[in-house]
Amino acid sequence: MKNLLTLIFLLQNMILVHAQETTALLCGQLITAKDDVVHSNAVILVEGEKIIAVGNQDLIQPGYPIIDLSDHTVMPGLIDAHVHPLIYGTEYQTNHLKGSSAFNALRGLKTVQEWLHAGWTTLRIAGDADTQYAHFEIRKAIDSGMFPGPRIVGAGHYLSITGGGGDINYLAPGQVVIPDGLIVDGKDEIRRAIRQEIKYGSDWIKLLVTGAFMSTGDNPKNVHFSDEEISTAVDEAHRRGVPVMMHAHAKEGIKKAILHGARSIEHGTFLDAETIDLLLEHDTYLVPTLTVGTYFREVDSGNVAMTKAERSQKAFRENRLKMLGHAYKKGVKIGIGSDNVGFPASFMANEFAEFVKFGMTPMHALQAGTKTNAALLMKEKELGTIEVGKFADIIATKNNPLDDITELQRVQFVMKGGVVIKHLDRK
Ligand SMILES: [Zn+2]
């Protein structure tokens, strides 16, 4: 009897597997992002969540449902390696106190769905502003199939020193409020905070090694954590198999972050020849996040909370672009990260245009937001290119973004894991 039940179970599963439909995507132009080639009139076959074939029209069997993108350019879903879906508004350091964690989760879910609609199928959260880890509850809801949404990895919070970029530095002493970051001083507090982060879902640890531009009362040029504290953080995270991303603006901070084993440097504003060489030597990724500055400089320049950042952007931008151009030419692995703290979804892809401004080819810029970021996330076997065996995270634009990189701000079609999220005929 038991054997019979097992046999029935196996047969049912075989039928289920067999019944999975194969869909064919007709691609006018196809950029797989695996290499620098653009294919014309290509076909992608998708079965379930995965890509099962990439080739030409010969792949299509009678009866396959067809998604006709023959008027479009098709490419992998975009990966943003630096976002904060729960941060918004001018008083961003205290906004998390104005709504409950439930409200933050609902608002955040809407935000990440908008980003998915704009073509971002995977996000890495660089610490976020909810003490109850609403962002990982959003991930739980998405991954369990309750709501459509992007793939999410990242850090629950940014770890900051007292008085650092994750602290609230404009309140009188004695005002006890919970800051957006996790405030940690000394080795023991760092270990406890990292254990808590991992317990509640962080698969990255985020450390604010230097001061920040967008916070009040700290200096982005200062190094905040001691060597002992940084090495403790890396030791604790790595022992648990969790990589560390380190926010660092100033040269000393960038150096310390690389030497202590950061997987990625976030921002790296005052990059120079020495730090470029160090990035290469240690095979460290750089996520420069140029777009956040551009947004508050050019689009929303009246934003009071961002004044410190705007000034910095004006003062350092030219030199920064020059150094990034050098870093690119020398072969530093540079990833796309918008640092979205509440600006419109369509503006996130401006980061690709910023990369082209410092001299990257449009093809390499697109790869920075797909293939390179998948490798940064250690998910290169599943994501980042259009290849057999990978998740069918696929987007399309009307015109070829290699001709006009801003086309990535107008993504027309989005598929995540084989499910069509945004149809061509719907807005
Ligand atoms: Zn950030």
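I265 stands opposite L286 in strand 13, in a model that is predicted. This pair belongs to the meeting of strand 12 (residues 264-267) with strand 13, where three bridges join two strands that run parallel. Backing out from there, you find an open sheet of six strands in the order 9-8-10-11-12-13, with parallel pairing. Its edge strands are strand 9 (182-183) and strand 13 (285-287), and each of them pairs on one side only.

## Helices against the parallel sheet

Let us look next at the helices that lie on these strands. Helix 6 lies across strand 8, strand 10 and strand 11, and runs at about 175° to strand 10. Helix 7 lies across strand 11 and strand 12, running at about 170° to strand 11. With angles over 145° counting as roughly antiparallel, helix 6 is therefore roughly antiparallel to strand 10, and helix 7 is therefore roughly antiparallel to strand 11.

Helix 6 (residues 227-239) is built from 13 residues and reaches 18 Å from its first C-alpha to its last, close to the 18 Å expected at 1.5 Å a residue. Which residues of helix 6 are buried? They are E229, I230, T232, A233, V234, E236 and A237. The cover over these buried residues includes strand 8 (158-160), helix 5 (187-199), strand 10 (205-208), strand 11 (244-248) and helix 7. After helix 6 comes G241, whose phi is positive, near 75°.

Helix 7 (residues 251-260) also packs with helix 8 (residues 273-282), at an angle of about 10° and with the axes 10 Å apart. Helix 7 and helix 8 are therefore roughly parallel to each other. Helix 7 brings K251, I254, K255 and I258 to the contact, while helix 8 brings T275, L278, L279 and H282. Sorted by class, this contact of helix 7 with helix 8 has four nonpolar, two polar and two charged residues.

## The mixed sheet

A second part to explore is an open sheet of seven strands in the order 3-2-1-4-14-15-16, and here the pairing is mixed. Strand 3 and strand 16 (419-422) stand at the edges with a single partner strand each, so one side of each is left without a neighbour in the sheet. On average, neighbouring strands of this sheet are turned by 40° against each other, direction ignored.

The table sets out four of the pairings with their bridges.

| Strands | Direction | Bridges |
|---|---|---|
| Strand 1 (residues 22-31) and strand 2 | antiparallel | nine bridges |
| Strand 2 (residues 38-47) and strand 3 (residues 50-55) | antiparallel | five bridges |
| Strand 1 and strand 4 | parallel | six bridges |
| Strand 4 (residues 66-76) and strand 14 (residues 394-397) | antiparallel | four bridges |

Individual residues can guide your eye through these pairings. L30 stands opposite H39 in strand 2, and C27 stands opposite L69 in strand 4. Further along, E47 has K50 of strand 3 as its bridge partner, and P76 has I394 of strand 14.

The turns are worth a look too. Strand 1 and strand 2 form a hairpin with six residues between them, and A33 in that turn has a positive phi of about 75°. Strand 2 and strand 3 form a hairpin with two residues between them, where G48 in the turn has a positive phi of about 60°.

## Two residues to visit

Where does V153 sit? Its place is in strand 7 (residues 151-155). Is V153 buried or partly exposed? V153 has 19 C-beta neighbours inside 10 Å, and a residue needs 20 or more to be buried, so V153 counts as partly exposed. Not counting residues up to four places away in sequence, V153 touches R124, D203, W204 and L377. V153 and G201 are 48 residues apart in sequence, and their C-alpha atoms are 8.9 Å apart in space.

The other residue is N222, which lies in the loop between strand 10 and helix 6. N222 is partly exposed, with 16 other C-beta atoms within 10 Å. Leaving aside its neighbours within four places in sequence, N222 is in contact with T210 and G211. N222 and D188 are 34 residues apart along the chain, and their C-alpha atoms are separated by 23 Å.

Note on methods
Residues numbered from 1 in each chain as written. Predicted model: local features only at pLDDT ≥ 70, side-chain atom pairs only at ≥ 80, totals over all residues. Axes fitted to C-alpha atoms, helices over the stretch in contact; angles between N-to-C directions. Parallel < 35°, antiparallel > 145°, perpendicular 65-115°, else oblique. Contact = placed C-beta atoms within 7 Å. Nonpolar A, V, L, I, M, F, W, Y, C, P; charged D, E, K, R; others polar. Expected span 1.5 Å × (residues − 1). Buried ≥ 20, exposed ≤ 12 C-beta atoms within 10 Å, placed from the backbone. Pairing = 2+ DSSP bridges.
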